[in-house]
Amino acid sequence: MSHKIQTLSGYIHEYQKSVLQPEVFWAQIGESFHWKKRWDKVLEWDFEGPDVKWFLNGKLNITENILDRHLFIMGDRPAIVWEPNEPDEEGVTLTYKELYAKVCQFSNAMKAQGVGKGDRVIIYMPMVPEAAIAMLACARIGAVHSVVFAGFSSSSLADRVNDCEAKMVLTSDGNFRGAKKIDVKGVVDEALENTSTVEKVIVYQRTGADIAMKAGRDIWWHDAIQGQSEECPAEVMDAEDMLFILYTSGSTGKPKGVVHTCGGYMVYSYYSFLNVFQYTPGDVYWCTADVGWITGHSYIVYGPLLAGATTVMFEGVPTYPHAGRFWEIVDKYQVNQFYTAPTAIRALQAHGLEPLEPYSLDSLKVIGSVGEPINEEAWHWYHDHVGKGNCPLVDTWWQTETGGIMISALAGVTPNKPAHAGLPLPGVQPVIVDADGNELKSNNVQGNLCVKFPWPGILRTTYGDHERCKQTYFSTYKGMYFTGDGAKRDHDGYLRILGRVDDVINVSGHRMGTAEVENAINEHPKVVESAVVGYPHEVKGQGIYAYVICDMEGRTEESLKNEIRQTVNKIIGPIAKPDKVQIVPGLPKTRSGKIMRRILRKVASGESDQLGDTSTLLNPEVVEAIIEGAVKD
Ligand code: PRX
């Protein structure tokens, strides 16, 4: 635990060291892990390629650093504490020893079904300990996992299976989420009709739903582990071998597979976890994310378990069976660090203070926020009523591509400022640039957020398409990683994230490409053209507003709007369903035929009086009609 920074001067010292001598700095942190062979060189990089390598020729297995390493000293300490959807169903606690045995056993089960090093495995599962076991078992045998959030549709799942040519799918019969029982296996079956690479499907029994098992392909989890040994040698992995692929949305095309590798991701997820949350041995830590997102990867599974922490996993939703469920769980397990998303805070804030009253929340030491900008009102509510005014609130800015937290207070060590992510972690060199890519070095500036030096958790490529990685992140500003976010540095030097500056919207902390939603809408046979923008939404942060040109024959406006929502639901999943659909006679276009999204954003945000100059449009007359028909709340 020697790498835990505990004072502001310690932070300044470490930060300076990380900039002046990055290789020395990261080597010292790397040394606290078990390597099967030490690296030859700490870093090689070139942001033009891009080509970034950390801990070159180092050999390791991340699960040895999570499991084997912790067995002797703290094998009996809880690693995963699982809280089921129903409060009266008994939870599960797995100690490090038990987790070790289960991971090894499932590793052997996967091997027996023909999966080995380098094979891709899709995990499409509910929030049960087996989801984490599945991830770790893949890592143990060198298979590359790609977790797909179990709310995605069969066609989204099929796209991901096809893109990474997965050999195996790990899933469940069904899924409990609040009052709902969700079909999971049926979605997998439908997806696999449009794929050709999957040889085996292992099905974890969770709901007891009546499902079809395809002979020769499908096998129950409990049958697969039957008779398998609880010991499994860890595959020797190169530091730069792939650990996982995680699909995320961008401003164009289909979601891309962000690739993270074994060595750098291990070091970065551990280091950032330890320092941001100021984890102390014995603490109970809870992150409410789903393992289908990067937050679940780095801060439910890898970071906490690398640090030997107790990590809580919750299957359900914040408001089921009542709006105090989160707080009930905090008290039940005496949670010390609690990490959630602004959208959950705003949703709970809307229920008032009553649901908090029965709970003491006295165990809390640190509270955290992730996924989207947290507005000041939600910040204060969270800080005052959950943190009781005396827990540092870490507003953590990062991305799927960064692997771990990049800008955040270190709880209680560096200053907290409402709605500001704050200062960068050691090893992170953020810059704010103007439209031409010039670095704006002083305080009180605003521009686009880039990072000018690699950190160990940076993505290495986008799976199967390195050029796309280059175009998306490394071409906008030469020699820099471009985040897609706007940011402001205030007079004290603290960074405030302003949100996306590209065609990506952030709905309840979930990233969505507007093009992706448009493509889904355009699948409806009556749709001629569509344009999707985000607009401010009280709970979700941003809502999805779709402008659609349709052939109305044989449909009422209402029925068509519903069909359009259902089409998106089917093609992407419920999280992408537009909140508002407006049928329009045309879309405002420039003379070169490009949709003027600026105008559509203003109308969607209720700022039609601030449209600016529309005279250069090809079809200025549609603007009036769009304003008139705008969907209000
Ligand atoms: O716009 C930023 C926003 O979420 C984006 C990254 O989304 P994703 O890859 O899905 O990862 C989410 C969890 C790390 C960023 O480009 N974002 C994330 N955290 C914050 C944030 N915006 C403001 N403040 C944050 N703390």
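Student: Over residues 13–65, what are the helix and strand percentages, and how far apart are the end C-alpha atoms?
Tutor: UniProt, in an unreviewed entry, places the feature "domain: Acetyl-coenzyme A synthetase N-terminal" at residues 13–65. In this predicted model, the chain over residues 13–65 is 40% helix and 26% strand, and its end C-alpha atoms lie apart by 27 Å.

Student: Over residues 75–454, how far apart are the end C-alpha atoms?
Tutor: The unreviewed UniProt entry assigns residues 75–454 to "domain: AMP-dependent synthetase/ligase". Helix makes up 29% of the chain over residues 75–454 and strand 23%, while the separation of the end C-alpha atoms is 35 Å.

Student: Which residues does UniProt list for "domain: AMP-binding enzyme C-terminal", and how far apart are the end C-alpha atoms?
Tutor: The range listed in the unreviewed UniProt entry is residues 516–594. There the chain is 28% helix and 32% strand, with the end C-alpha atoms separated by 17 Å.

Student: How many residues of domain 1 and of domain 2 are in contact, and what is the character of the domain 1 side?
Tutor: Domain 1 comprises 1–75 + 261–288 + 309–434 + 451–500, and domain 2 comprises 508–629. Their centres, taken over C-alpha atoms, are separated by 34 Å. Eight residues of domain 1 are in contact with six residues of domain 2. On the side of domain 1 that touches domain 2, the residues are four nonpolar, two polar and two charged.

Student: Why does the length of helix α3 agree with the expected span?
Tutor: Helix α3 covers residues 62–74, that is, 13 residues. At 1.5 Å a residue it should span 18 Å, and therefore the computed separation of its end C-alpha atoms agrees, being 17 Å.

Student: Which residues of α3 are buried, and what covers them?
Tutor: The cover includes β3 (59–60), α4 (96–112), α5 (129–141), β14 (242–248), α9 (262–277) and α10 (294–306). Beneath this cover, the buried residues of α3 are I62, T63, N65, I66, L67 and H70.

Student: Is A234 buried or exposed?
Tutor: A234 is found in the loop between α8 (221–224) and β13 (237–238). Leaving aside neighbours within four places in sequence, its contacts are N61, T63, E64 and R140. Because A234 has 22 C-beta neighbours inside 10 Å, and 20 or more suffice, A234 counts as buried.

Student: Is E357 buried or exposed?
Tutor: E357 lies in the loop between α12 (342–349) and β19. H385, 28 residues away in sequence, is 9.8 Å from E357 in space, C-alpha to C-alpha. E357 has 9 C-beta neighbours inside 10 Å, so E357 counts as exposed.

Student: Which residues does K602 touch, not counting residues up to four places away in sequence?
Tutor: K602 is found in helix α17 (residues 597–604). It has 19 C-beta neighbours inside 10 Å and therefore counts as partly exposed. G534, 68 residues apart from K602 in sequence, is 9.8 Å away in space, C-alpha to C-alpha. With residues up to four places away set aside, K602 touches E607, S608, Q610 and L611.

Student: Which of the 23 residues around the ligand come nearest?
Tutor: Elements that each supply at least two residues of the shell are α10, β19 (366–370), β20 (393–396), β24 (481–489) and β25 (495–500). By character, the shell divides into seven nonpolar, eleven polar and five charged residues. Of the 23 residues, those that come nearest to the ligand are P373, W397, Q399, T400 and I497.

Key
Residues numbered from 1 in each chain as written. Predicted model: local features only at pLDDT ≥ 70, side-chain atom pairs only at ≥ 80, totals over all residues. Domains from an automatic or database assignment. Contact = placed C-beta atoms within 7 Å. Nonpolar A, V, L, I, M, F, W, Y, C, P; charged D, E, K, R; others polar. Helix = DSSP H or I, 4+ residues; strand = E, 2+ residues; numbered from the N terminus. Expected span 1.5 Å × (residues − 1). Buried ≥ 20, exposed ≤ 12 C-beta atoms within 10 Å, placed from the backbone. UniProt positions renumbered as here; feature names shortened; annotations may be inferred. Near = placed C-beta within 6 Å.
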